[in-house]
Amino acid sequence: MAEPSAATQSPSISSSSSGAEPSAPGGGGSPGACPTLGAKSCGSSCAVHDLIFWRDVKKTGFVFGTTLIVLLSLAAFSVISVVSYLILALLSVTISFRVYKSVIQAVQKSEEGHPFKAYLDVDITLSSEAFHNYMNAAMVHINRALKLIIRLFLVEDLVDSLKLAVFMWLMTYVGAVFNGITLLILAELLIFSVPIVYEKYKTQIDHYVGIARDQTKSIIEKIQAKLPGIAKKKAE
């Protein structure tokens, strides 16, 4: 009688083991999960993704608050004053902690050593290989930017060059109202607010963006049709 029961149990065991395989990591990510990237770029890209999407509220709040305070300080004071005050504040904390630990060690007659010894022993040297990797990655973006600048200023595509001209004309009005620091503050507020809002209302936003994109595309096609000597771009 024991053998039939064992036989009836074995299919359930095999089915449960086979059903556990699809739940392996990476099989299906959540909508807000970090996208799958290469091994080298995944670390930094996922860190930035998690930061601007407020995955860790404390970490994002610290970064957002610190950078916002620095930008507001730069708006009120000079760069030299802000940098000097930041360095003085950091030195005040480290020197006070160093003196405090020295007094505690003298009173308790302990030999714990330097309180920052663990950080002083950290190797922060940049290897030549890592330096070349960063430079190669930077050169890719620099070359791409140079090609874009050349094609825009030498009018490879008249419509694209006109877009740049209109955008720069609008920026003259923006520059008359805002300075560079104010624009940086607004940019930070947008970076830390727009992605999380888009994640919550993705369907509605995509709907209206699609409508605006279709209307813009039709207007550009009409302009291209009326401009002499300009061939229409083939739909990709």
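What share of contacts in the protein chain between residues at least 6 apart in sequence join residues at least 24 apart? The share is 40% in this predicted model, and the close-ups below pick out some of the places where the chain meets itself.

**Figure 1. The whole chain is built from helices, with zero strands.** There are 10 helices here, and reading along the sequence gives the pattern α-α-α-α-α-α-α-α-α-α. Of the 236 residues, 10% count as buried. Keep that percentage in mind when looking at the side chains in the next views, since several of them come out as partly exposed: Phe 97, Phe 116 and Trp 54 are among them.

**Figure 2. The largest nonpolar core has six residues.** Its members are Leu 51, Phe 64, Leu 68, Leu 71, Ile 185 and Phe 192. Helix H3, running over residues 57-76, gives the most to this core, with three residues. Look at Phe 64 for a sense of the surroundings: setting aside neighbours within four places in sequence, Phe 64 touches Trp 54, Glu 188, Leu 189 and Phe 192. Also in helix H3 is Val 70, which counts as partly exposed at 24% relative accessibility. From the C-alpha of Val 70 to that of Ile 185 is 9.7 Å in space, although their positions lie 115 residues apart in sequence.

**Figure 3. Trp 54, Phe 64 and Phe 192 come together as one aromatic cluster.** Two of the names are familiar from the previous view: Phe 64 and Phe 192 also belong to the largest nonpolar core. Trp 54 sits in the loop between helix H2 (39-52) and H3 and is partly exposed, at 27% relative accessibility. The backbone is worth a look too, as Trp 54 has a positive phi, near 55°, without being a glycine. A little earlier in the chain is Asp 50, a residue of helix H2 that is partly exposed with a relative accessible area of 30%. The C-alpha atoms of Asp 50 and Thr 60 are 8.4 Å apart, with their positions 10 residues apart along the chain.

**Figure 4. Phe 97 and Phe 116 form a tilted pair.** Searching the whole structure turns up five aromatic pairs. In this one, the ring centres are 5.5 Å apart and the planes meet at 50°, so the pair is tilted. What does the pair tie together? Phe 97 belongs to helix H4 (residues 79-108) and Phe 116 to the loop between H4 and helix H5 (117-120), so the two rings link parts 19 residues apart in sequence. Both rings keep some access to the outside: Phe 97 is partly exposed at 37% relative accessibility, and Phe 116 is partly exposed at 23%.

**Figure 5. Trp 169 and Tyr 173 meet edge-to-face.** Here the ring centres are 5.3 Å apart with the planes at 85°, so the pair counts as edge-to-face. Trp 169 and Tyr 173 are four residues apart in helix H7 (residues 158-177), which puts about one helical turn between them.

**Figure 6. Gln 105 is a buried residue of helix H4.** Is Gln 105 buried or exposed? With a relative accessible area of 14%, Gln 105 falls under the 20% cut-off and is therefore buried. Ignoring neighbours within four places in sequence, Gln 105 contacts Ser 110, Glu 112 and Gly 113.

**Figure 7. Helices H6 and H7 cross roughly perpendicular to each other.** Helix H6 (residues 128-153) packs against H7 at an angle of about 95°, and the axes are 8 Å apart. That angle lies in the 65 to 115 degree range, so the two helices are called roughly perpendicular. Which residues make the contact? H6 supplies Arg 151, Leu 152 and Phe 153, while H7 supplies Asp 160, Ser 161 and Leu 164. Sorted by class, that makes three nonpolar, one polar and two charged residues. In the loop between H6 and H7 sits Val 155, partly exposed at 42% relative accessibility. Val 155 has a positive phi of about 55° although it is not a glycine.

Conventions. Residues are numbered from 1 along each chain as its sequence is written. This is a predicted model: local features need pLDDT of at least 70, side-chain atom pairs count only at pLDDT 80 or more; totals for chains, interfaces and linings use all residues. Side-chain values use heavy atoms; hydrogens and water are left out. Rings of Phe, Tyr and Trp (its six-membered ring) pair if their centres lie within 6.5 Å; planes under 30 degrees apart count as stacked, over 60 as edge-to-face and the rest as tilted. Buried means under 20% relative accessible area, exposed over 50%, partly exposed in between (1.4 Å probe, protein chains only). Axes are lines fitted to C-alpha atoms, for helices over the stretch in contact, and angles run from 0 to 180 degrees between N-to-C directions. Angles under 35 degrees count as roughly parallel, over 145 as roughly antiparallel, 65 to 115 as roughly perpendicular and the rest as oblique. Contact means heavy atoms within 4.5 Å. Ala, Val, Leu, Ile, Met, Phe, Trp, Tyr, Cys and Pro count as nonpolar, Asp, Glu, Lys and Arg as charged, and the others, Gly among them, as polar. A nonpolar core is a set of buried Ala, Val, Leu, Ile, Met, Phe, Trp, Tyr and Cys residues joined through side-chain atoms within 4.5 Å.
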